[in-house]
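Have you ever wondered how a label such as "pocket" or "polar contact" gets attached to a part of a protein? Let's look at a structure together and test a few such labels.

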Amino acid sequence: MALQLEALSKSYGTVEVLRPIDLEIKDGEFLTLLGPSGSGKTTILRMIGGFTQPSGGRILLDGQDLARVPTNKRPFNTVFQDYALFPHMSVAKNVGYGLSIRRMPKDEIARAVQEALDTVGLGSFHDRSPAELSGGQRQRVALARAIVCRPRIVLLDEPLSALDAALRRQMQGFLKDLQRQIGTTFLFVTHDQQEALTMSDRMVVMNVGSVEQIGSPKDIYYRPRTRFVASFIGDNNLCEADIDADGRLVTPMGATARPDGVEAAPRRVLMAVRPELISLSPRDNALETEAEVLSVEFAGAGSDMTLRLPGIETPFTARITSEPGQTPPAPGARQSIWIRRDDIAVVEKAAEQAP
Amino acid sequence: MTSRTSRLLLFALAASVPLLLVVLPIGNFFVMSFWRVSDNVIVPDATLANYAGFLENDAYWRTFLFTIGLCAAVAGIGIAIGYPVSYFIWRLRGRIKYLLLLLLILPLFMSYIVKIYTMRSILGLNGFLNKFLVFTGILDQPSTLFLYNRTAILITMATILLPFVILPIFLTLERIPKSLTQASADLGAGAGTTFWRVVLPLSLPGTAAGALFTFVLALGDYITPQMVGGPNGFTFGRVIWSQFGLAYNWPFGAALAVIMFLFALAVIGLAAFMAARQR
Ligand SMILES: Nc1ncnc2c1ncn2[C@@H]1O[C@H](COP(=O)(O)OP(=O)(O)OP(=O)(O)O)[C@@H](O)[C@H]1O
Ligand SMILES: [Mg+2]
C-alpha cells in the first residue's frame with residue numbers, strides 16, 4: 001500500500017503550480033521526480049514532508065490521511081538540498097538529534113549513530129563540526145541523520161546538485177547501493193536526467209506542474225509517451241507519421257506492423273528514434289532507407305552523423321561507433337540506414353496537447 | 001600624483017575622522033587625568049592622586065559598583081523583553097513583519113531628550129502608568145514609586161535602549177536558515193524543542209551583542225539618571241559629570257572617566273574573547 005497521492009494539487013493565489021496528480025509510492029522503491037526547474041518537484045516533496053499545505057487532494061500512508069499529521073509526527077526524514085546540518089552541533093549530535101528527541105537512552109543513541117556513520121563511511125567523524133567537513137561529507141552526514149531514525153520514506157531534494165561531477169557519480173552509486181542495502185523507500189528529486197535514469201526503480205517525469213509520464217527508466221527512455229518526454233530525456237529524432245485503420249505505423253520510410261499498445265484508429269502521431277538505434281548495417285525486421293550525409297562530427301566514443309532522410313524535413317542524427325582506422329562517409333555521400341521497427345517509439349499527439 | 005600617494009592620502013583622510021573625534025578626546029582625558037587642580041586652576045602634572053582618590057573613597061566605589069549592577073539589570077531587562085519581542089516578529093510572515101520591526105526601532109531616530117520627557121510623563125504621579133494601574137484596580141491611589149528613584153532609571157533606560165536589543169537579536173534570528181528549523185521538525189522535534197535546541201543556541205551571539213550594547217550605552221548615560229533618578233539615583237556617570245560642573249575638578253573627572261572607559265573596554269574585550277573561543 002505504502003504512500004498514495006490522490007489528486008494532490010497546489011496553488012499559490014491564482015497560480016496553479018501543481019495540477020492534481022495521482023501517484024503511488026511502493027515500499028522499498030527508489031522513485032525519482034524528474035523535471036525542469038519550476039516543474040513542481042520540490043512542491044510535491046514539501047507537501048509529503050508536511051512543510052507545505054496542499055491546496056487539494058490527499059496524502060495517504062497505508063490508507064491513512066496525513067492531512068492532520070504535522071511534520072514532526074510523520075515517519076519521513078528529509079535530506080535537504082543545503083544539507084541543513086545544525087552548525088552548533090558535532091556530527092554525532094547532528095545524527096543523534098532525532099533519536100534524542102525520541103528519548104532513546106544515551107548508549108543506544110551512541111550505538112545507532114555509530115552504525116549510521118559507518119554505513120555512510122564516516123565512522124571516525126563524530127566530533128567534527130559540520131564546518132570542518134567537505135561538501136560530500138556533509139551530504140553523507142545529512143544522509144546518516146535521515147536514515148538513523150528508520151523512516152518509512154527518505155525524501156531527498158536534489159542532494160547531489162552541489163557536488164562536482166566526479167563526486168556526484170560516486171555518490172549516485174553510493175546512494176543507490178545504500179538504498180538497496182537498507183531497503184527504505186527513497187523519494188528523490190532531481191533535474192538531472194542521467195541521474196534519474198541510472199538510479200531509479202521508477203521515475204516520474206514532470207513538466208510545468210503536471211506529470212508527463214511515470215515508468216521505469218527503460219520505459220521512459222525507449223517508450224516516451226509525450227513529445228516533452230521524448231525530447232527532454234536524452235536525444236531523440238522526432239518526425240510526423242500516421243497510424244492507419246489497421247493500427248500500422250506509416251512512416252516516410254515505409255510502414256511497420258502494428259506497434260505494441262497502439263490503438264488502431266487513423267490519426268497523425270509522432271515517431272521518435274534514438275540516435276544510437278540508427279544502424280549503418282542491415283538489421284532484421286527493420287525499415288531501410290537511403291539518406292544523404294550532411295555532416296559527421298567525431299565525438300570520442302562515437303561519431304554523430306547528421307542525415308537527411310527522404311520525406312522528412314528535419315535532419316536525423318545517428319550516433320555510430322567509430323573505430324581508429326575507419327574513414328567516415330564524406331558530406332554529400334549517400335548512405336543506407338536501417339531502423340528496427342521495434343526501436344521506433346510512437347508518441348500520441350493528443351497526449352502532447354493535454355491541458 | 002601617483003596612485004600610491006593618492007591612496008595614502010585617502011586613507012589618512014578616512015582615518016582622520018575617528019582619530020579626531022574618538023582617539024584624540026580620549027587621549028586628552030587620559031593625559032588630563034594625571035593633572036591636578038590648585039586654587040580653582042587646572043595645573044598640568046604627573047600625579048596619580050586622582051586615581052588614589054577614587055580608590056580611597058568608598059563612596060565612589062559604591063557608586064561605581066551600584067552603576068554596574070544597575071546597567072547589568074538594564075541589559076537583563078532588555079533581553080527579557082527584547083528577546084520574546086524579536087522572536088515574535090521573526091515568526092511573523094509577510095509585510096507586517098518588517099513594518100512592525102521598523103515601528104519598534106523608529107525611536108532610534110528620535111531625540112533622546114524627547115524620549116526621556118515622554119517616559120517621565122508616563123511614569124509620573126499623573127502619568128499613564130499610574131492612571132492605568134488605578135483604573136484596573138491594582139493600585140488604590142497613584143504611586144510615587146515610578147519616578148525619581150532607581151526603579152525609574154531602570155525602567156526608563158531599559159525602555160529607551162530596547163531597540164538596541166531587538167535589532168541584533170532579530171538579525172541573528174533572520175540569519176538562521178529556514179531549513180534548520182524545518183530539519184528539526186523533520187527529525188521529530190516540536191516547536192518548543194526546536195526553539196531550545198536550535199533557535200536559541202544559534203541566536204546567542206546576537207543576544208550577547210544586544211546585551212553588550214545596552215550595558216555599555218547605559219553605563220555612559222548620565223542624562224537619564226539625572227532626569228528621572230532623583231536624589232538617590234546617583235550613578236557613576238552623574239559623578240563624573242558633576243566633576244566637570246559644580247565640583248570643577250576636571251582632572252578628577254577625567255580619571256573617573258578613564259576608569260569607566262577601561263571597564264567598558266574590558267567588558268567588550270571579554271565578550272569578544274568568549275565569542276572567538278566559541279567558534
Ligand atoms: N512560496 C511560493 N509562492 C509562490 N510560488 C511558489 C512558491 N514556492 C514555489 N512557487 C512556484 O511553484 C513552482 C514550482 O516550484 P518548485 O519549487 O516545486 O519547482 P522545482 O520543480 O522544485 O524546481 P527546481 O528544479 O528549480 O527546484 C515554481 O514556478 C515556483 O515559482
Ligand atoms: Mg526544487
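Below are some questions and answers about this predicted model.

Q: Why is the pair formed by A:Ser37 and ligand 1 called a polar contact?
A: A polar side-chain atom of A:Ser37 lies 2.5 Å from an oxygen atom of ligand 1. A polar contact needs a pair of N or O atoms within 3.5 Å, and 2.5 Å is within that cut-off, so the label fits.

Q: What makes the pairs of A:Gly40 and A:Lys41 with ligand 1 polar contacts too?
A: For A:Gly40, a backbone N or O atom lies 2.9 Å from an oxygen atom of the ligand. For A:Lys41, a polar side-chain atom lies 2.8 Å from an oxygen atom of ligand 1. Both values are within 3.5 Å, so both pairs earn the name. As for cover, the protein hides 57% of the 640 Å² of accessible area that ligand 1 has on its own.

Q: How do you know which kinds of residue surround ligand 1?
A: The shell splits into three nonpolar, seven polar and two charged residues. Among its members are A:Tyr12, A:Gly38, A:Lys41 and A:Glu158. Tyr counts as nonpolar, Gly as polar, and Lys and Glu as charged. Helix α1 (residues 41-49) of chain A gives the most to this shell, with three residues.

Q: What makes the space lined by A:Tyr221, A:Asn236 and A:Asp343, among others, a cavity rather than a pocket?
A: A cavity is space where a 1.4 Å probe fits but cannot get out, whereas a pocket is open. The search of the whole structure finds one cavity of 30 Å³ or more. The largest cavity holds about 40 Å³, so it passes that limit. Its lining divides into six nonpolar, one polar and two charged residues.

Q: Where is the second largest pocket, and what lines it?
A: This pocket holds about 620 Å³ of space. Of its 25 lining residues, the closest to its centre are B:Arg91, B:Thr181, B:Gln182, B:Ala185 and B:Ala191. The elements giving two or more residues to the lining are α3 (58-91), α8 (178-186) and α9 (191-220) of chain B. By kind, the lining residues are 12 nonpolar, eight polar and five charged.

Q: What makes a residue of chain B count as buried, and how many do?
A: Buried means under 20% relative accessible area. Residues that meet this cut-off make up 38% of the 279 residues in chain B. The chain has 12 helices and two strands.

How values were computed:
Residues numbered from 1 in each chain as written. Chains lettered and ligands numbered in written order. Predicted model: local features only at pLDDT ≥ 70, side-chain atom pairs only at ≥ 80, totals over all residues. Heavy atoms only, no water. Near = heavy atom within 4 Å. Polar contact = N/O pair within 3.5 Å; in protein donor to acceptor, adjacent residues only side chain to side chain. Areas by Shrake-Rupley, 256 points an atom, 1.4 Å probe, with all protein chains shown as cover. Helix = DSSP H or I, 4+ residues; strand = E, 2+ residues; numbered from the N terminus. 1 Å grid on protein atoms, 1.4 Å probe; cavity = no way out; pocket = protein on both sides within 12 Å on 5 of 7 lines; lining within 4 Å. Points joined across faces, edges and corners; volume = space filled by probe spheres on them. Buried < 20%, exposed > 50% of the residue type's maximum accessible area, 1.4 Å probe, protein only.
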